[in-house]
Amino acid sequence: TSSLSLTEMSSAMSHPERVVGFHFFNPVAVMPLLEIIPSASTDDATLATAFAVGRTLKKSTVLVQDTPGFVVNRLLNLVMAEVFRAVDEGTDLAVADRALRPLGMPMSPFTLMQLVGPAVAFHVMEVLNDAFPDRYPLSDNLRRIVEAGKPGIFLPGGKGSPKLDPEVIALLEQGDTALDESQVLERVADALAREARIMLDDGVVSEPQDLDLCMILGSGMPFALGGLTPYLDRSGASVRATGRRFLAPGIASPPE
């Protein structure tokens, strides 16, 4: 859904002012977030109706402008792009997959890809690459995994910790720059900080707290971390990547 343009779809309709996007999260019965996306033509009555419906559905609604990936998937796919970039450069698959544990996400990047499917992940990445080619590189190794028809990097089935598929490892073409877990995490955090700043500057959402709510309720980021922007402020990624914090000291983080 997040790879589709509401404005493009509504342009062919008799009443584009009545078109609005609802982006649910899977599983819909469990995940509380609902991104509501107006097209360029959506009128106020339609948008108000959308929020009323979201409230009736007992969802937490966030207004998001019509942009590829919306909020959650734009940020999650940035994570995937950076993780695969590290792998393409020479980082071990298992190292890259473990590196983001401090973010506390319910699934590692490659476990999430296994659930979504590499073909879907690559398609969304193509849409984001078309829109933001300098920030969302396409991984040739992910392309190889898709073309080989693999369901992911792990062997299907089995119990306990997932095991890497040796056939996938054999498909990889990597460079000789191997990062450790801390380096992968820092690279991902810096990329998230830059993208979050761009999204706020472009008006995709109105406040840093909108990004935080989306990531907590839509991606499962732990509430205890306070959301994405407090984490980026505390870790130093905000200042390192953009030159400034998202929030004032002491908001969702210890005062300095």
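**Exercise 1. Classify Asp134 as buried or exposed, and place it in the chain.**

Solution. Asp134 has a relative accessibility of 63%, so it counts as exposed. The cut-off for exposed is over 50%. This is a predicted model, and the value is computed from it. Next, the location. Asp134 sits in the loop between α6 (118-131) and α7 (140-147). Last, a distance. Asp134 and Asp66 lie 68 residues apart in sequence. In space they are 20 Å apart, C-alpha to C-alpha.

**Exercise 2. Describe the sheet: which strands form it, and in what order?**

Solution. Start with the order. The sheet is open and has three strands, arranged β1-β2-β3, with mixed pairing. Now look at the edges. β1 and β3 (60-63) each have a single partner strand, so one side of each has no neighbour in the sheet. Then the twist. Neighbouring strands of this sheet are turned by 25° against each other on average, direction ignored.

Go on to the pairing of β1 with β2. β2 covers residues 33-38, and four bridges join it to β1. The two strands run antiparallel. Two positions show the register. Val20 stands opposite Pro38 in β2. Gly21 has Ile37 as its bridge partner in β2.

**Exercise 3. Sort the side chains of β1 by face.**

Solution. Begin with the general rule. In a regular strand the side chains alternate between the two faces of the sheet. Apply the rule to residues 20-23, which make up β1. Gly21 and His23 point to one face and are buried. Val20 and Phe22 point to the other face and are not buried.

**Exercise 4. Find the unusual backbone features in three loops.**

Solution. First recall what is expected. Most residues other than glycine have a negative phi, and most peptide bonds are trans.

- Step one: the loop between β1 and β2 holds Pro27. A cis peptide bond joins Asn26 and Pro27, with omega about -5°.
- Step two: the loop between α2 (44-56) and β3 holds Lys58. Lys58 is not a glycine, yet its phi is positive, near 65°. Its relative accessibility is 73%, so Lys58 counts as exposed.
- Step three: the loop between β3 and α3 holds Phe70. Phe70 is not a glycine either, and its phi is about 55°, a positive value. With 0% relative accessibility, Phe70 counts as buried.

**Exercise 5. Describe how α3 and α9 pack: what are the angle and the distance between their axes?**

Solution. Take the geometry first. α3 (residues 72-89) and α9 (residues 181-201) pack at an angle of about 145°. Their axes are 10 Å apart. The crossing is right-handed. Now the residues. On the α3 side, those in contact include Leu75, Leu78, Val79 and Glu82. On the α9 side, they include Val184, Arg187, Val188 and Ala191. Sorted by class, the contact has eleven nonpolar, no polar and six charged residues.

**Exercise 6. Which residues have the most contacts inside the largest nonpolar core?**

Solution. The largest nonpolar core has 66 residues. Val71, Phe110 and Leu232 have the most contacts inside it. Follow Val71 further. Leaving aside neighbours within four places in sequence, its contacts include Glu35, Val64, Met199 and Val204.

**Exercise 7. Which residues does Leu225 touch, not counting those up to four places away in sequence?**

Solution. Locate Leu225 first: the loop between α10 (208-219) and α11 (228-235). Leu225 touches Pro102, Leu103, Pro230, Tyr231 and Arg234. Take Pro102. Leu225 and Pro102 are 123 residues apart in sequence, but 9.8 Å apart in space, C-alpha to C-alpha.

How values were computed. Residues are numbered from 1 along each chain as its sequence is written. This is a predicted model: local features need pLDDT of at least 70, side-chain atom pairs count only at pLDDT 80 or more; totals for chains, interfaces and linings use all residues. Side-chain values use heavy atoms; hydrogens and water are left out. Buried means under 20% relative accessible area, exposed over 50%, partly exposed in between (1.4 Å probe, protein chains only). Two strands pair if DSSP finds at least two bridges between them. Axes are lines fitted to C-alpha atoms, for helices over the stretch in contact, and angles run from 0 to 180 degrees between N-to-C directions. A crossing is left-handed if the near helix is turned anticlockwise from the far one by less than a right angle, and right-handed if clockwise. Contact means heavy atoms within 4.5 Å. Ala, Val, Leu, Ile, Met, Phe, Trp, Tyr, Cys and Pro count as nonpolar, Asp, Glu, Lys and Arg as charged, and the others, Gly among them, as polar. A nonpolar core is a set of buried Ala, Val, Leu, Ile, Met, Phe, Trp, Tyr and Cys residues joined through side-chain atoms within 4.5 Å.
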